[in-house]
There are 2 protein chains.
Amino acid sequence: MQLFEIFRKYLQEKVELTDAQLDLIRSTSKERKIAKREFYLREGEISGHNTFVVKGLLRLYRIDEDGNEHIMRFAPENWWISDRESYNTGEPSKFIIDALEKSEVLIWTKEDSEFVYGEIPAFRAFGEGLFVESFIAYHNRIYNSISSTAEEKYKNFVKTYPDIFNRVPLHMVASYLGVTRETLSRVRRHFTLK
Amino acid sequence: MQLFEIFRKYLQEKVELTDAQLDLIRSTSKERKIAKREFYLREGEISGHNTFVVKGLLRLYRIDEDGNEHIMRFAPENWWISDRESYNTGEPSKFIIDALEKSEVLIWTKEDSEFVYGEIPAFRAFGEGLFVESFIAYHNRIYNSISSTAEEKYKNFVKTYPDIFNRVPLHMVASYLGVTRETLSRVRRHFTLK
DNA sequence: TGATTTTCGTGACAAATGTCCTCGTTGCGC
DNA sequence: GCGCAACGAGGACATTTGTCACGAAAATCA
């Protein structure tokens, strides 16, 4: 099945759209394949696109002054990804996006996105709804990060994202949670013994 | 000066609005005074309003199973506050909003907000711009929480929110940062000795 | 003003986490 | 299939953080 066809099925479960509207959305999109370990956004580049992951798994992360990776989030199938700060301000991104698996994505430029949003209010409402959901997810993650122990964070991650958990190495889960690999290993040992 | 007059000055620095549009915004708003320590949103209530802090200082926090407070954010003058999850879903809030200082706020119901947004697209764009900024702030806070030490988090808070820092007790800063009061006290000692 | 609460620091000890290291296994690329 | 890199576990030790207890100073309120 073509990439856009998969996207169309996803979209039609969420929004009512006419064929003409779908054509507009299709005509402004571009396809791209991303190899495993290939970069999709490098540090310093501008994140000027909305990207929908059709197949595979991407991640958004940042490298600190000491060279350590810190994973902000994973984006498997049916998720959207961008560095929203760079997207919004037009400034170079401090973050990196690469593929953890061979992936295929659909891409809209910021300009095309705005144009399509203007033409199709229901599509704009859909996009904004997604954004609110992301905001709420971040809100809950912050609460989790200031109120939970490492073990609780780990359990919560496995419970919330079982699919992602099964597809990424543990040291990346540790990075996402903000603990070292060793700590995660200890938490897991403690956990499986009980 | 009247509450709305203060708000009008704030708003006109950000958006171009006609007198008629300002009248619509004014006519849908309600004023409220909140005493120090008074609750503005209790756990279990629905957060169905947009609230602008004209004077004073509010906070949004949650109490965990062990009875510990975890502060999500502070809202001083010229900030907006609500529990966006409850606002969006209509579900009872798990969070609490109360006043740390004697405060005065302007309030719009969700319904009125949507109506005014529909009537004044520039006002909608303004509101959505604020929301994107909040999202970016949360994004950066998450990065900070998974990549920084307690000392770095503390320094960063003081630098980013010097005004708030000077108005709230240290144990609330600790709560916001996700560490105990004792740890914050140690960090400060270590910090001032150098 | 006087009494009470809140705030903040500190010491002692326990628990959690980070750091550095080794080792065996797995999986991927050539 | 082979070789190498990636992955995950685990031990030993240092550091950080949490917990509990106490006391002094500051703020609050009647």
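## His171(B) and DNA strand C

A polar side-chain atom of His171(B) sits 2.9 Å from a phosphate oxygen of DNA strand C. That pair fits the cut-off for a polar contact, a pair of N or O atoms within 3.5 Å; within protein, one atom must be able to donate a hydrogen and the other to accept it, and residues adjacent in sequence count only if both atoms are side-chain atoms. This is a predicted model, in which local features need pLDDT of at least 70, side-chain atom pairs count only at pLDDT 80 or more, and totals for chains, interfaces and linings use all residues. Side-chain values use heavy atoms, with hydrogens and water left out; residues are numbered from 1 along each chain as its sequence is written, while chains are lettered from A and ligands numbered from 1 in the order in which they are written.

Which other side chains come close to a phosphate oxygen of strand C? Thr183(A) has a polar side-chain atom 2.3 Å from one. Arg189(B) has a side-chain N or O atom 3.2 Å from one.

## The surface near strand C

DNA strand C is surrounded by 14 residues. The closest are Thr183(A), Arg186(A), Leu170(B), His171(B) and Arg188(B). Of the strand C atoms within 4 Å of the protein, sugar and phosphate account for 60%. A residue is near a strand if one of its heavy atoms lies within 4 Å of it.

α9 (181-193) of chain A, α8 (170-177) of chain B and α9 (181-193) of chain B each supply at least two residues of this surface. α9(B) gives the most, with five residues. Helices here are DSSP runs (H or I, at least four residues), numbered from the N terminus. By type, the surface has four nonpolar, four polar and six charged residues. Ala, Val, Leu, Ile, Met, Phe, Trp, Tyr, Cys and Pro count as nonpolar, Asp, Glu, Lys and Arg as charged, and the others, Gly among them, as polar.

## The surface near strand D

DNA strand D has 15 residues around it. Leu170(A), His171(A), Thr180(B), Thr183(B) and Arg186(B) are the closest. Sugar or phosphate makes up 67% of the strand D atoms within 4 Å of the protein, and bases make up the rest.

Three side chains have an N or O atom close to a phosphate oxygen of strand D. His171(A) does so at 2.8 Å, Arg188(A) at 3.0 Å and Thr183(B) at 2.3 Å. α8 and α9 of chain A, with α9 of chain B, each give two or more residues to this surface. Which helix gives the most? α9(A) does, with five residues. The surface divides into four nonpolar, four polar and seven charged residues.

## Helix α8 in chain A

Six of the eight residues of α8(A) are buried, so the rest of the structure largely encloses this helix. Buried means under 20% relative accessible area, exposed over 50%, partly exposed in between (1.4 Å probe, protein chains only). The buried residues are Met172(A), Val173(A), Ala174(A), Ser175(A), Tyr176(A) and Leu177(A). Gly178(A) follows the helix, with a positive phi near 85°.

Which residues meet where α6(A) touches α8(A)? Lys153(A), Tyr154(A) and Phe157(A) in α6(A) meet Val173(A), Tyr176(A) and Leu177(A) in α8(A). Contact means heavy atoms within 4.5 Å. Five of these contact residues are nonpolar, none polar and one charged.

## Leu17 in chain B

Leu17(B) lies in the loop between α1 (3-12) and α2 (19-27) of chain B. Is Leu17(B) buried or exposed? Leu17(B) counts as buried because its relative accessibility is 13%.
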